[in-house]
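Me: Could we go through the aromatic contacts in this one together? I'd like short answers with the reasoning spelled out.

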Amino acid sequence: METLAGNTIEELTELRHELHRLAELSGEEYKTSNRIRRLLEGCAPDRLLEGIGGEGIIAVFEGSREGPCVMIRCELDALPIPEENEISYRSKTEGVAHKCGHDGHMAIVAGVARYLQDHNPRAGEVHLLFQPAEETGQGAARVLDDHKFRAVEPDFIFALHNLPGYPLKQVLLRDGVFASASRGYEVILKGETAHAAHPERGRSPAMALAALIQQFSAFPQFYASLDQAAKATVIHSKLGEVAFGTSPGYAEFRATLRTYENELMEALCERAEDTVSNIAQTYGLQADTRWTERFEATRSDAGCNAYIEESARRAGLELTRKETPFAWSEDFGRFTSRYKGAIFGLGAGVDQPPLHAGSYDFPDALISPGVSMFIHILNQITGFEQ
């Protein structure tokens with residue numbers, strides 16, 4: 001089965017480099033979205049939906065007869081990480097760069113659009129979703145809450161993620177949980193400042209902050225069983241200001257919770273809230289709290305994985321099934337909790353710098369196999385007009 005000609009791959013590679021230069025943060029993907037819109041318009045979709053959940057775009061390609069709706073999703077946003085690589089297509093946005101490979105993911109799905117430009121689905125519809133704000137865990141929820149999305153709800157949804165540390169072009173999949181649930185917890189402790197000579201006249205949150213760091217760090221030991229996976233990572237703390245004559249009355253605490261299962265996450269969240277409340281009460285403090293960057297566990301349907309497995313065979317790519325889920329999070333889980341779907345990994349090279357490293361850069365060699373994988377998935381479900 002033909003996929004894409006060499007000149008189209010060259011076009012997609014240049015697109016990837018252009019998107020890399022444009023790198024924009026979550027919720028601010030204006031230039032990126034506009035560039036994708038112009039490309040999609042040139043692919044002549046039957047419908048083009050814009051402003052989905054923010055800057056999101058969906059291109060709809062309709063078949064000639066009834067059939068399933070298949071959605072393929074990629075991400076628009078970059079990260080607040082400075083570019084370290086001396087490359088011709090360096091990010092032009094100060095302190096922001098595509099260090100998770102979303103530029104490559106977009107180029108791959110753009111390649112699917114190029115294919116659909118000349119090959120209509122035989123039955124059903126294909127929806128190509130370019131989703132905003134994945135990195136903050138907000139984008140998928142906003143897309144799902146958008147009334148425009150409800151007009152194109154899919155029967156199946158697929159995505160991929162490049163994976164440094166694995167052989168180049170190797171396909172990785174897993175039935176059930178593929179990537180972890182994750183939540184960020186912010187705590188502001190308010191007491192009362194005093195002179196450092198008389199700390200007893202104030203209410204310092206120093207001991208409370210120390211207790212929070214200690215108790216949160218122990219969460220996996222005491223609140224998860226041996227056969228469960230959980231992590232609690234203290235990522236930030238701050239006590240007062242640098243003023244040697246002052247006993248502080250203010251502190252900040254932030255931690256990230258991770259689990260493989262959503263049910264355990266809910267239980268840990270309740271423990272976290274109780275812990276903060278009890279410590280604040282013990283030390284006579286006000287505690288203001290907020291949950292942020294909520295990611296559900298991303299689960300892959302076994303039937304959808306069967307399509308992925310067959311696609312890897314047809315594309316001539318090595319495939320491996322992962323025994324345990326990945327510890328990182330992906331807001332694609334919002335979609336797979338509602339629709340049949342699956343996400344697969346595509347190896348980015350054993351010696352490639354890790355995701356979110358300043359020296360990371362998406363390998364252009366993944367564009368062609370990524371496009372081929374999605375085309376073979378679509379061919380199994382919707383088929384293409386001859």
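Me: Are F178 and F326 buried or exposed?
Reply: Keep in mind that this is a predicted model. F326 has 7% relative accessibility, and the cut-off for buried is under 20%. F178 falls in that class too, so for both the word is buried.

Me: And where does Y166 land, buried, exposed or partly exposed?
Reply: Buried needs under 20% and exposed needs over 50%. Y166 comes out at 24% relative accessibility, so the class is partly exposed.

Me: How many aromatic pairs are there in the whole structure, and what geometry does the one between Y166 and F326 have?
Reply: The search over the whole structure gives 15 aromatic pairs. For Y166 and F326, the centres are 6.1 Å apart and the planes make an angle of 80 degrees. Over 60 degrees counts as edge-to-face, so this pair is edge-to-face.

Me: How many residues apart are Y166 and F326?
Reply: Y166 is in the loop between β5 and β6, while F326 is in the loop between β15 and α9. The pair therefore links distant parts of the chain, with a separation of 160 residues.

Me: What about F178 and F326, which class of pair do they form?
Reply: Their centres are 5.2 Å apart, with 50 degrees between the planes. Stacked needs under 30 degrees and edge-to-face over 60, so what remains is tilted. F178 and F326 form a pair that is tilted.

Me: Which residue has its charged end over the ring of F326?
Reply: The cut-off for the distance to the ring centre is within 6 Å. Here the charged end is 4.4 Å from the centre of the F326 ring, and the residue is K322.

Technical notes. Residues are numbered from 1 along each chain as its sequence is written. This is a predicted model: local features need pLDDT of at least 70, side-chain atom pairs count only at pLDDT 80 or more; totals for chains, interfaces and linings use all residues. Side-chain values use heavy atoms; hydrogens and water are left out. Rings of Phe, Tyr and Trp (its six-membered ring) pair if their centres lie within 6.5 Å; planes under 30 degrees apart count as stacked, over 60 as edge-to-face and the rest as tilted. Helices (H or I, at least four residues) and strands (E, at least two) are DSSP runs, numbered from the N terminus. Buried means under 20% relative accessible area, exposed over 50%, partly exposed in between (1.4 Å probe, protein chains only). A charge sits over a ring if NZ of Lys or CZ of Arg is within 6 Å of the ring centre and within 35 degrees of the ring normal.
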